[in-house]
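I opened the model to look up its fold, its packing and its surface. My notes follow.

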Amino acid sequence: MYGNAYIDPNEKFSSEEETPELLAAFQARIDAGEKIEPQDWMPAMYRKQLIRMIEQHAHSEIIGSLPEGTWITRAPGFRRKLALMAKVQDEVGHAQLLYSAAETLGKSREDMMNDLITGKSKYSNIFNYPALTWADSAVIAWLVDAGAIVNQLANSKGSYGPYCRALERICYEESFHLKYGHDNVVHLATGTKKQREMVQAAMTRWWTPLMHFFGPSDKASVHSDTLMRWKVKMASNDAMRQQFMDMYIPKIWDLGLTLPDPLLKKNTETGLWDYTEPDWEEFKRVINGDGPCNAERLAVRRMAEENGKWVARAINNEEAEHVRPFA
Amino acid sequence: MATEDQTAIESLDPRIGRAHLSGGNHEDMTGLLHFQTYEVFHQNKRGAQHKHVGIVHAPNSDMALLYAKEQFARREQTANIWVAPSSCIAATEYADDDIFTTTPEKLYRNPATYKVMDRIQAFKERGMTPSDEA
């Protein structure tokens, strides 16, 4: 990505020895605030961890467009349909930007797509839950995107150049998603009794998945210390969860909506939010495949890929003259 | 479509319901086409520089232009887009970035190092006489 950075996905990386000198020079570059570019030497673990992270992020964008996409035809009113279509198109575009960034580390987009569909790679757990009503779609657009922005803003200050550049564009585009989602939630929350009940029910349903969103507390380990030092991981899961709560719980309460956690309050001594730990067993169960929508999400992605093959073949046919539209 | 679990997925989305999909298929995808990448350069208005904004995957330059329009001209004001196959871009090595080091002896390229006003002033103050007659 970005300037002769493309790496042939069939190329095998020579496992150049990770000498203390190379590692120290690498660390010094990161400490000085410089970005690592695809052509640079990097430790194998840095490469591997970034591929995993960026790939999962890309999959989350593409799968995340499904629970919302399902509401396009039923979105109330033309303006909301247009906005939701634009948002879903953005999400798929973000997936493309991220696949391109991950490719610079040596895994092809087609291999990543295959690993998504066969279940070898993961995506954000939150998209394994259904958007039952229009209010769910509103809560997703506001709060799931808010959570994503907290995460992405942190990561955009990371050390890998292509990932940071993709994230900057993504954050810029997602600011509209957040406003659009907030607008929809406010419309329902300031509306009729029925509308308020709908948005309250959706808020209650999504609270646990939102608390799961940033993952369980990080276990202290040499591994995670190294990733922090290399600026692969930019903030702890708990720190990002706290930042999200700080920014959005007051806005939720402000609308007279409640959250299903009696312990939820800002601790004046620590300055942090007190909350009930969400059920992490449920989190593990869902991420390992046993959630309400896992099978559907992958089946739909597989169908799209299977049914779209003829398009790929058609545009790839050099003989064909009338298959190249220029919109 | 080969599947292990033949039970149709019950979806909230009527379109997915009508497709009668079943889950539990973990087979590898076959025949995924690998497209080359194109670098995309975006110009926001006539007269401005084209700026590199990212890449797209495409089988040919016409499709690359189409994807570039979708990916990089969704919001921004756009006058023109270029695409070029990534494989056609030649680049320097970051490892050799010392070739760009501007050394102190290149001060003669710096306009601020040319100071004449004080000399003109002195010349006028001594009555504009030649330097060897002063």
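Before counting, I fixed the terms: helices are DSSP runs of H or I with at least four residues, and strands are runs of E with at least two. I am working with a predicted model.

**Fold.** I counted twelve helices and two strands in chain A. I then read the order along the sequence and got α-α-α-α-α-α-α-α-α-β-β-α-α-α. I checked the overall size next. The radius of gyration of chain A is 21 Å, and the globule rule gives 20 Å for 327 residues, so chain A is as compact as a globular protein of that length. I also boxed the C-alpha atoms along the principal axes and found roughly 65 × 65 × 35 Å.

**Packing.** I looked up burial across chain A. Of its 327 residues, 53% count as buried. I turned to contacts with a separation of 6 or more. In chain A, 76% of these join residues 24 or more positions apart.

**Surface.** I noted about 15,000 Å² of exposed area for chain A. Carbon and sulfur atoms supply 57% of that area. I then searched for a nonpolar patch and found one on the surface, formed by Phe78(A), Leu82(A) and Met85(A). Together the three have about 330 Å² of accessible area.

**One residue of the patch.** Where does Met85(A) sit in chain A? I traced Met85(A) to helix H3, which covers residues 78–103. Is Met85(A) buried or exposed? Neither: its relative accessible area is 41%, so I logged Met85(A) as partly exposed, the class between under 20% and over 50%.

Key:
Residues are numbered from 1 along each chain as its sequence is written. Chains are lettered from A and ligands numbered from 1 in the order in which they are written. This is a predicted model: local features need pLDDT of at least 70, side-chain atom pairs count only at pLDDT 80 or more; totals for chains, interfaces and linings use all residues. Side-chain values use heavy atoms; hydrogens and water are left out. Patches are made of residues with over 30% relative accessible area and no salt bridge: like charges are joined within 9 Å, nonpolar side chains (Val, Leu, Ile, Met, Phe, Trp, Tyr) within 5 Å. Accessible areas come from the Shrake-Rupley method with a 1.4 Å probe; for residues, only the protein chains shown count as cover. A salt bridge is a side-chain nitrogen of Lys or Arg within 4 Å of a carboxyl oxygen of Asp or Glu. Buried means under 20% relative accessible area, exposed over 50%, partly exposed in between (1.4 Å probe, protein chains only). The radius of gyration is taken over C-alpha atoms; the globule rule is 2.2 Å times the number of residues to the power 0.38. Contact means heavy atoms within 4.5 Å.
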